[in-house]
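Me: I should like to learn how charged and aromatic side-chain contacts are read from a model. Could we work through one case together?

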Amino acid sequence: MPTSRRTFAAVAVAALLMPLSACGSGGDGGGSTDASGKVEGEITFQTWNLRANFKDYFEDVIAAFEEKYPDTHVKWVDQPAEGYADKISADAAGGTLPDVVNVSPDLVAPLAKAGLALDLDKAAAKYEKEYLPGAWASHRIPGMDGTYAFPWYLNTGPLFYNKSLFEKAGLDPEKPPKTYGELFDQALRMAEQTDGKVATLANVPTIEDFGRYGVPLMNKEGTAFTFNDAKGVELLAKYKELYDAKALDPQALTATPESSGKKFLTGAVAMNPGSALDLANFKKQAPSLYKNIGITDQITSTGHVNMYVMGVMVNAQTKRTPAAVAFAHFVTDSARQMSFAQRVAIFPSTAGSLDKPYFTREDGTDETRVRVAAAKSLKTAVNYTPVLFSEQMKTALRNEVAKALQGKQSPKEALDNAVNACNRLLQQQG
C-alpha cells in the first residue's frame with residue numbers, strides 16, 4: 001500500500017467483505033426506493049473507525065440535520081476498523097444493517113448484489129450533478145445497473161522525485177516522467193548512468209498500474225478479469241526489463257511502504273509516492289533530499305490518476321427511505337465535505353470543491369504543496385481498482401508478477417495464471 005493510501009487508510013482501513021448471496025431481505029416488509037416523502041423518523045448511521053478523532057464533527061453534523069428536519073432523530077454508531085467487514089456481513093445476514101452505512105466500493109458490491117444497497121440512480125438521481133463524475137461512478141457495480149452509494153471523501157497522492165538524481169543522470173529535473181513510456185525510458189537511463197546503483201521505482205506493478213496504463217481490467221459484464229491482454233503483457237514485460245536493469249529496485253518483490261520510503265530517503269530510489277507527512281520527515285531526516293524534492297502527478301498513460309474513495313450507502317430495506325437518503329446526502333454535501341477536509345488530510349468528492357482556495361493556493365508550507373498538487377489531479381481521477389477485486393486477488397496478482405520478474409515464467413504466463421486465479425475467486429463470490 002503506497003504512502004498515499006496509508007494516509008487514506010488512517011481514516012478507514014479497507015477490508016474484504018464476505019459474500020452475502022445467502023442474505024435475507026433484512027426486516028419484515030422491506031423498504032422503498034421512493035425518497036420523495038416526508039423526511040421524518042429515527043434512523044441509524046454507522047461510521048468506520050471515526051468516533052475517536054471526529055466525535056465533535058459528527059455530533060455537529062447530526063445536530064444540524066435534526067435542526068433542518070425537526071421530525072428526525074439520528075442514532076450514530078461507530079464500529080472499529082478491525083472486523084468492520086465481518087460486522088457488516090453479520091448485520092446484513094441478520095437483517096440488522098443500519099439505515100445509512102459508511103462503505104468503500106469493495107464493501108458495497110456484495111451488498112448491492114444481495115439487494116441491500118439502495119440504487120441512487122433511481123432514488124436520488126437529482127443529486128448526481130453535485131459530485132465529481134469519477135466519484136459518483138466509483139460505487140457502480142460491473143454487471144449491474146445503478147449507483148449504490150453517495151461518494152464521500154477521496155484521497156490520492158502525488159509522486160515525489162529526487163531532482164539531484166535526475167540531474168546527475170543527465171535527465172531534466174524540471175521534466176519528470178508523466179506517462180509510463182517516459183518513465184520506462186528515464187528509468188533505464190538512470191540505471192545505466194549510475195551502474196545500477198539508483199533505481200527509479202521501488203514497487204512492483206499493482207492492479208492500479210495496469211489500469212493507469214490503459215489495460216482493460218474486466219469485461220463490461222463484470223463476469224471476468226481481462227488484464228492479461230496484449231497491453232497488460234506489454235506492461236509487465238517492461239517491468240521485467242526494468243528489474244533486469246536494476247531500474248526497478250532488486251528488493252521490490254518484498255518491498256513495504258516503509259522499506260520503499262527508506263530507499264527514497266537514502267537516495268537509492270529516485271521516485272516514490274508520498275504525502276505531506278513525508279515532506280516533514282524529509283526536512284528533518286534528510287535535508288539534502290528535502291532541498292531537491294520534486295512533486296509530480298502519478299504516472300498514467302490514460303490522463304487520469306487513481307483515487308481512493310469512501311462512500312455512504314443507504315440500506316435498501318430501511319423503513320425510513322426519505323430520511324435515510326436525505327441524511328446520506330447531507331453528510332456528503334459540499335458544505336459538510338469541505339468542513340471535514342479541513343480537519344483531516346482528505347479531499348471532497350463534490351463538484352467545484354477542489355477549485356476553492358484551500359485546494360488551489362499554496363502558502364509556502366509543505367502541507368499545501370502536496371494538497372494543491374493532489375487536488376488538481378483528483379478532478380478527473382478514477383478509481384482503477386475494480387470493486388470486485390478482493391485482497392485475495394491482489395495477492396494472487398502480486399505472486400504471479402514476482403514469478404515473471406524473476407524469470408520463472410513469461411509475463412504472458414504470469415498474467416494468464418493471475419487472471420485464472422482471480423476469475424476463480426470471482427466465481428466464489430457468487
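Reply: Certainly. Please keep in mind that this model is predicted.

Me: How many salt bridges does a search of the whole structure find?

Reply: The general idea is that side chains of opposite charge can pair when their charged atoms come close. Here the search of the whole structure yields 16 salt bridges. One of them joins Glu174 and Lys163, with an N to O distance of 3.4 Å.

Me: Where in the chain do Glu174 and Lys163 lie?

Reply: This pair links distant parts of the chain, 11 residues apart: Lys163 belongs to helix α7, and Glu174 to the loop between α7 (163-168) and α8 (180-193). Glu174 counts as exposed because its relative accessibility is 54%, above the 50% cut-off. Lys163, at 23%, counts as partly exposed.

Me: Which salt bridges lie within a helix, and by how much are the partners separated?

Reply: Glu367 and Arg371 form a salt bridge at 3.6 Å, N to O. Both lie in helix α17 (residues 366-378), and because they are 4 residues apart, about one helical turn separates them. Arg371 is buried, at 12% relative accessible area. In helix α18 (residues 391-405), Lys403 and Glu400 are 3 residues apart, which again means about one helical turn. Their closest N and O atoms are 3.5 Å apart. Is each partner of that pair buried or partly exposed? Lys403 is partly exposed at 34%, whereas Glu400 is buried at 12%. Elsewhere, salt bridges with shared partners join Lys38, Glu40 and Asp71 into one network.

Me: How many aromatic pairs does the structure hold, and how is the geometry of a pair read?

Reply: The structure holds 31 aromatic pairs. The geometry is read from the ring centres and the angle between the ring planes. For Tyr57 and Phe340 the centres are 4.8 Å apart and the planes lie at 20 degrees, so this pair is stacked. Tyr57 is in helix α2 (residues 51-68) and Phe340 in helix α15 (residues 334-341), 283 residues apart. Phe58 and Phe340 have centres 5.8 Å apart and planes at 65 degrees, so that pair is edge-to-face. Phe58, in helix α2, is 282 residues from Phe340. Tyr57 and Phe340 are buried, and Phe58 is buried.

Me: Which residues join these rings in one aromatic cluster, and where do charges lie over a ring face?

Reply: The cluster includes Tyr57, Phe58, Phe340, Trp76 and Phe330. Arg51 lies over the face of Trp76, 4.0 Å from the ring centre, and Arg336 over the face of Phe330, at 3.8 Å.

Terms used:
Residues numbered from 1 in each chain as written. Predicted model: local features only at pLDDT ≥ 70, side-chain atom pairs only at ≥ 80, totals over all residues. Heavy atoms only, no water. Salt bridge = Lys/Arg side-chain N within 4 Å of Asp/Glu carboxyl O. Helix = DSSP H or I, 4+ residues; strand = E, 2+ residues; numbered from the N terminus. Buried < 20%, exposed > 50% of the residue type's maximum accessible area, 1.4 Å probe, protein only. Phe/Tyr/Trp six-rings, centres within 6.5 Å; stacked < 30°, edge-to-face > 60°. Lys NZ or Arg CZ within 6 Å of the ring centre and 35° of its normal.
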